[in-house]
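Reader: Before I accept labels such as buried or salt bridge, I want to see the cut-offs behind them. Please take me through the reasoning, one label at a time.

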Amino acid sequence: MTETAQHRPGAGIAFIMAGMLAISLNDMLVKQLSGAYPLHQIVFIRSAVGIVLSLGLVWVEGGLRILKTRHPFLHALRGLLVVISNMSFFAALAVAPLADVTALFFAAPLFITLLSVPILKERVGPMRLGAVLVGFSGVILMQRPWQGAESLEASRLVLLLPVLSALTYALLQLMTRKLGVSSKASALSVYIQLMFILVGALFYLVAGDGRFVDESSDPSLIFLLRAWTWPSGQDWLFLTGLGLNSAIIGYCLAQAYRQADAATVAPFEYVGLPLAVFWGWMIWGDLPDWEVWAGMALIAGSGLFVFLREQRQRRTGVRSGSRAGRV
């Protein structure tokens with residue numbers, strides 16, 4: 001296909017690479033802040049800053065009128081799924097290495113393929129089904145079932161949190177495919193940011209004083225429910241940067257899939273894996289062991305295979321949406 005206004009592969013790849021870099025920075029900053037602030041406070045401040053930039057994009061794309069929707073409950077459900085996906089992913093970051101958590105989240109395309117059978121009534125051939133099973137074997141490998149719980153860096157429950165994140169993100173994507181969403185990308189970003197703000201505020205009202213945890217609690221639970229703390233000057237910069245970054249992520253991913261078709265863009269989302277390894281090594285000195293490297297290869301390889309097989313069968317269909325779900 002020649003490069004046109006409808007299909008500009010160079011621009012699409014540039015936007016998806018920028019988006020994945022922004023996602024990796026987002027995850028790194030959240031992990032960096034996880035030792036001092038509760039997750040719901042980070043999410044609340046990030047979204048309060050991000051919604052300002054998102055509203056600016058709404059104004060550019062048509063004004064406040066584009067925020068009107070005929071499907072408010074659909075958007076609320078989509079926003080709730082994004083919140084669950086993000087918060088379970090971030091809760092795992094407080095304990096587990098960044099590369100491990102990121103690799104497990106990339107099981108999302110496998111869940112999408114598997115769940116499309118009962119939810120969308122799609123047919124999944126034996127080759128794609130086999131690739132899904134190979135990918136899930138990578139998830140199991142990273143859980144190290146042959147080791148005792150005391151020898152694991154993070155508990156298996158913590159390592160299941162990014163798998164939960166992948167599952168809820170897959171449900172979000174399948175719901176979007178089934179019901180359809182006609183709103184502009186900036187409006188969708190505002191709806192999701194509002195949901196993050198609402199959930200963060202509710203967490204503050206219920207647990208903002210830290211009453212439900214103490215120092216003996218699980219580190220992920222402490223990160224989720226510790227008391228709010230007024231940020232230091234430097235941390236305000238990090239938190240503000242997270243908010244601006246969240247709006248940049250949404251814009252870059254939306255633009256990537258508008259500039260080029262999914263078959264061109266989606267494989268570049270897996271650049272998030274080496275970026276996660278890089279930040280983990282640079283900041284915390286973490287390098288994956290052989291189980292994580294092998295699990296990464298199985299998950300990423302099977303995910304790419306499933307996606308490319310799916311695209312071959314949908315040459316005449318509509319472009320699919322982004323698979324990168326953390327905003």
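Author: What follows sets values against definitions, one label at a time. The model is predicted, so local features are given only at pLDDT of at least 70 and side-chain atom pairs only at pLDDT 80 or more, while totals for chains, interfaces and linings use all residues. Residues are numbered from 1 along each chain as its sequence is written, and side-chain values use heavy atoms, with hydrogens and water left out.

Reader: What makes the pair Arg144 and Asp289 a salt bridge?

Author: The term requires a side-chain nitrogen of Lys or Arg within 4 Å of a carboxyl oxygen of Asp or Glu. In Arg144 and Asp289 the closest N and O atoms are 2.8 Å apart, so the pair meets the definition. Arg144 is in the loop between helix 6 and helix 7 (156-179), and Asp289 in the loop between helix 12 (272-284) and helix 13; the two residues are 145 residues apart. Helices here are DSSP runs (H or I, at least four residues), numbered from the N terminus.

Reader: Why is Arg144 called buried, and what is Asp289 called?

Author: Buried means under 20% relative accessible area, exposed over 50%, and partly exposed in between (1.4 Å probe, protein chains only). Arg144 has 8% relative accessibility and therefore counts as buried. Asp289, at 33%, is partly exposed. Arg144 also has a positive phi of about 50°, although it is not a glycine.

Reader: How do you know that Glu291 and Arg144 form a salt bridge?

Author: The N to O distance between their side chains is 3.8 Å, and the limit is 4 Å, so the pair qualifies. Glu291 lies in helix 13 and Arg144 in the loop between helix 6 and helix 7, so this pair ties together parts that are 147 residues apart in sequence. Arg144, Asp289 and Glu291 are thus linked in a network of salt bridges.

Reader: Is Glu291 buried or exposed, and what does Glu291 touch?

Author: Glu291 counts as buried because its relative accessibility is 5%. Contact means heavy atoms within 4.5 Å. Not counting residues up to four places away in sequence, Glu291 touches Leu141, Met142, Arg144, Trp146 and Gln147.

Reader: How far apart are Ile140 and Glu291 in sequence and in space?

Author: Ile140 and Glu291 are 151 residues apart in sequence and 9.8 Å apart in space, C-alpha to C-alpha. Ile140 belongs to helix 6 (residues 126-143). Its relative accessible area is 52%, so Ile140 is exposed.

Reader: How many salt bridges are found in the whole structure, and which one involves Asp209?

Author: The search of the whole structure finds three. Asp209 pairs with Arg211, with the closest N and O atoms 3.0 Å apart. Asp209 is called partly exposed because its relative accessibility is 48%, and Arg211 is called exposed because its relative accessible area is 54%.

Reader: How do you know that the lengths of helix 12 and helix 13 agree with expectation?

Author: The expected span is 1.5 Å times one less than the number of residues. The 13 residues of helix 12 should span 18 Å, and the end C-alpha atoms are 17 Å apart, which agrees. Helix 13 has 23 residues and reaches 33 Å from first C-alpha to last, close to the expected 33 Å. Helix 12 is followed by Gly285, whose phi is positive, near 70°.

Reader: Which elements cover the buried residues of helix 12?

Author: The cover includes helix 1, helix 4 (98-105) and helix 13. Among the buried residues of helix 12 are Leu273, Leu275, Val277 and Trp279. The buried residues of helix 13 include Glu291, Val292, Met296 and Ile299.

Reader: Why is Ser34 called buried?

Author: Ser34 has a relative accessible area of 8%, which is why Ser34 is called buried. Ser34 sits in the loop between helix 1 (9-33) and helix 2 (39-61). Leaving aside neighbours within four places in sequence, Ser34 is in contact with Ala94, Phe223 and Arg226.

Reader: What makes the nonpolar surface patch, and where is Phe212?

Author: Leu198, Leu202, Tyr204, Leu205, Val206 and Phe212 make a nonpolar surface patch of about 620 Å². Patches are made of residues with over 30% relative accessible area and no salt bridge; like charges are joined within 9 Å, and nonpolar side chains (Val, Leu, Ile, Met, Phe, Trp, Tyr) within 5 Å. The areas come from the Shrake-Rupley method with a 1.4 Å probe, and for residues only the protein chains shown count as cover. Phe212 is in the loop between helix 8 (185-207) and helix 9 (219-225). With a relative accessible area of 47%, Phe212 is partly exposed.
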